Amino acid sequence: MAMKLGGKSGRYSIAQNSDINVTPFVDVMLVLLIIFMVSIPAATVSIKLDMPPAEGPTSKRPDPVFISVMGPDDIYIGAQKTSMASLISDVAAALRVSDPNTPLSEQRVLVRGDKDISYADFIAVINQLQQNGYVKIGLINEDIV
(Lines give C-alpha, C1' and ligand atoms only; values in the text may rest on other atoms or scores of the structure.)
Protein backbone atom coordinates (compact mmCIF):
# COMPACT_ATOMS: atom_id res chain seq x y z
CA MET A 1 0.00 0.00 0.00
CA ALA A 2 1.35 3.25 -0.97
CA MET A 3 0.52 6.46 0.75
CA LYS A 4 0.03 9.66 -1.13
CA LEU A 5 1.50 12.59 0.65
CA GLY A 6 -0.06 15.39 -1.30
CA GLY A 7 -3.41 13.86 -2.11
CA LYS A 8 -6.70 14.25 -0.33
CA SER A 9 -7.69 10.64 -0.32
CA GLY A 10 -5.90 7.95 1.50
CA ARG A 11 -5.66 6.20 4.74
CA TYR A 12 -4.41 9.17 6.80
CA SER A 13 -6.43 11.95 5.25
CA ILE A 14 -8.09 14.47 7.57
CA ALA A 15 -11.65 15.41 6.71
CA GLN A 16 -12.85 18.95 7.00
CA ASN A 17 -14.90 19.85 10.09
CA SER A 18 -17.89 21.95 9.13
CA ASP A 19 -19.45 22.16 12.68
CA ILE A 20 -19.80 25.54 14.31
CA ASN A 21 -17.69 26.14 17.39
CA VAL A 22 -20.24 27.25 20.03
CA THR A 23 -17.77 27.98 22.84
CA PRO A 24 -17.31 31.68 21.92
CA PHE A 25 -21.09 32.01 21.55
CA VAL A 26 -21.67 30.58 25.07
CA ASP A 27 -18.98 32.86 26.50
CA VAL A 28 -20.62 35.93 25.00
CA MET A 29 -24.07 34.87 26.25
CA LEU A 30 -22.76 34.35 29.79
CA VAL A 31 -21.13 37.77 29.80
CA LEU A 32 -24.39 39.35 28.61
CA LEU A 33 -26.34 37.45 31.27
CA ILE A 34 -24.03 38.74 34.00
CA ILE A 35 -24.30 42.30 32.68
CA PHE A 36 -28.11 42.13 32.72
CA MET A 37 -28.19 40.55 36.18
CA VAL A 38 -26.04 43.35 37.57
CA SER A 39 -27.79 46.23 35.79
CA ILE A 40 -31.46 45.26 36.35
CA PRO A 41 -31.56 45.82 40.15
CA ALA A 42 -30.04 49.28 39.70
CA ALA A 43 -32.77 50.17 37.20
CA THR A 44 -35.69 49.40 39.53
CA VAL A 45 -37.54 52.32 41.01
CA SER A 46 -38.26 52.29 44.73
CA ILE A 47 -41.16 54.09 46.34
CA LYS A 48 -40.75 55.41 49.88
CA LEU A 49 -43.73 54.64 52.07
CA ASP A 50 -44.38 56.00 55.52
CA MET A 51 -46.07 53.14 57.34
CA PRO A 52 -47.53 53.43 60.81
CA PRO A 53 -45.58 51.60 63.51
CA ALA A 54 -46.59 48.04 64.21
CA GLU A 55 -48.43 47.42 67.44
CA GLY A 56 -48.59 44.14 69.26
CA PRO A 57 -51.81 42.44 70.26
CA THR A 58 -53.77 44.42 72.80
CA SER A 59 -54.85 41.45 74.88
CA LYS A 60 -52.28 39.58 76.93
CA ARG A 61 -52.42 35.81 76.91
CA PRO A 62 -52.97 34.38 80.37
CA ASP A 63 -50.10 32.58 82.01
CA PRO A 64 -50.28 28.79 81.75
CA VAL A 65 -50.67 26.50 84.71
CA PHE A 66 -47.81 24.04 85.23
CA ILE A 67 -48.74 20.55 86.40
CA SER A 68 -46.00 18.16 87.52
CA VAL A 69 -46.89 14.48 87.75
CA MET A 70 -44.46 12.77 90.09
CA GLY A 71 -46.46 9.65 90.92
CA PRO A 72 -49.98 8.18 90.80
CA ASP A 73 -51.20 10.40 93.64
CA ASP A 74 -48.26 12.79 93.76
CA ILE A 75 -49.37 15.70 91.54
CA TYR A 76 -48.27 19.33 91.86
CA ILE A 77 -49.87 22.46 90.42
CA GLY A 78 -47.01 24.91 90.51
CA ALA A 79 -45.60 24.29 94.01
CA GLN A 80 -48.95 23.24 95.55
CA LYS A 81 -49.52 19.52 96.04
CA THR A 82 -52.86 18.10 94.90
CA SER A 83 -54.43 14.73 94.23
CA MET A 84 -56.21 13.21 91.26
CA ALA A 85 -59.59 13.73 92.98
CA SER A 86 -59.13 17.47 93.45
CA LEU A 87 -57.07 18.09 90.29
CA ILE A 88 -59.77 19.87 88.26
CA SER A 89 -60.90 22.17 91.06
CA ASP A 90 -57.29 23.12 91.86
CA VAL A 91 -56.50 23.76 88.18
CA ALA A 92 -59.63 25.93 87.87
CA ALA A 93 -58.62 27.88 90.97
CA ALA A 94 -55.10 28.41 89.63
CA LEU A 95 -56.44 29.56 86.25
CA ARG A 96 -58.98 31.88 87.90
CA VAL A 97 -56.12 33.66 89.64
CA SER A 98 -54.28 33.94 86.31
CA ASP A 99 -57.15 35.42 84.24
CA PRO A 100 -60.81 34.98 85.22
CA ASN A 101 -62.20 36.28 81.89
CA THR A 102 -60.57 33.77 79.55
CA PRO A 103 -62.91 30.94 78.47
CA LEU A 104 -62.08 27.40 79.55
CA SER A 105 -61.21 26.26 76.00
CA GLU A 106 -58.56 29.00 75.73
CA GLN A 107 -56.80 28.21 79.02
CA ARG A 108 -53.32 26.74 78.63
CA VAL A 109 -52.14 23.89 80.82
CA LEU A 110 -48.58 22.55 80.64
CA VAL A 111 -47.90 19.06 81.99
CA ARG A 112 -44.57 17.48 82.82
CA GLY A 113 -43.89 14.01 84.17
CA ASP A 114 -41.17 12.49 86.27
CA LYS A 115 -38.90 10.02 84.49
CA ASP A 116 -39.95 7.18 86.80
CA ILE A 117 -43.73 7.63 86.43
CA SER A 118 -45.71 5.08 84.48
CA TYR A 119 -47.30 6.08 81.20
CA ALA A 120 -50.78 5.17 82.49
CA ASP A 121 -50.52 7.57 85.45
CA PHE A 122 -49.31 10.40 83.21
CA ILE A 123 -52.05 9.87 80.62
CA ALA A 124 -54.69 9.64 83.37
CA VAL A 125 -53.92 13.25 84.32
CA ILE A 126 -54.13 14.40 80.69
CA ASN A 127 -57.39 12.50 80.14
CA GLN A 128 -58.88 14.01 83.29
CA LEU A 129 -58.04 17.51 82.01
CA GLN A 130 -59.43 16.85 78.52
CA GLN A 131 -62.67 15.37 79.85
CA ASN A 132 -63.26 18.54 81.83
CA GLY A 133 -62.81 20.91 78.87
CA TYR A 134 -59.13 21.81 78.95
CA VAL A 135 -58.08 21.30 75.33
CA LYS A 136 -54.89 23.39 75.16
CA ILE A 137 -52.60 20.96 76.95
CA GLY A 138 -48.88 21.10 76.29
CA LEU A 139 -46.20 18.64 77.28
CA ILE A 140 -42.95 19.87 78.79
CA ASN A 141 -39.77 18.05 77.89
CA GLU A 142 -36.61 18.73 79.83
CA ASP A 143 -33.15 17.84 78.59
CA ILE A 144 -31.42 15.03 80.40
CA VAL A 145 -27.99 16.20 81.46
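## Ser68 and its surroundings

Let's start with S68, which sits in strand 1, the stretch covering residues 65-71. Please keep in mind as you look around that this model is predicted.

Is S68 buried or exposed? Its relative accessibility is 10%, and because the cut-off for buried is under 20%, S68 counts as buried. The side chain of S68 has a polar partner: a polar contact of 3.0 Å links it to the side chain of R112. Beyond the neighbours within four places in sequence, S68 is in contact with D74, I75 and Y76, as well as with R112.

## The sheet

Now for the sheet. Its 5 strands are arranged in the order 3-2-1-4-5, forming an open sheet with mixed pairing. Strand 3 (80-82) and strand 5 (136-139) each have a single partner strand, so they stand at the edges and one side of each is left without a neighbour in the sheet. On average, and with direction ignored, neighbouring strands of this sheet are turned by 30° against each other.

As general background, strands of a sheet pair through backbone hydrogen bonds, in either a parallel or an antiparallel way.

## From strand 4 to strand 5

Which sense of pairing joins strand 4 and strand 5? Strand 4, made of residues 108-113, pairs with strand 5 in the parallel sense, over 4 bridges. If you would like to find this pairing on screen, look for V109, which stands opposite I137 of strand 5, and for L110, whose bridge partner in strand 5 is G138. To get from strand 4 to strand 5, the chain passes through helix 3 (residues 119-131), making a right-handed β-α-β crossover.

Note on methods. Residues numbered from 1 in each chain as written. Predicted model: local features only at pLDDT ≥ 70, side-chain atom pairs only at ≥ 80, totals over all residues. Heavy atoms only, no water. Helix = DSSP H or I, 4+ residues; strand = E, 2+ residues; numbered from the N terminus. Buried < 20%, exposed > 50% of the residue type's maximum accessible area, 1.4 Å probe, protein only. Polar contact = N/O pair within 3.5 Å; in protein donor to acceptor, adjacent residues only side chain to side chain. Contact = heavy atoms within 4.5 Å. Pairing = 2+ DSSP bridges. Axes fitted to C-alpha atoms, helices over the stretch in contact; angles between N-to-C directions. Right-handed = clockwise from strand over helix to strand, strands pointing away.
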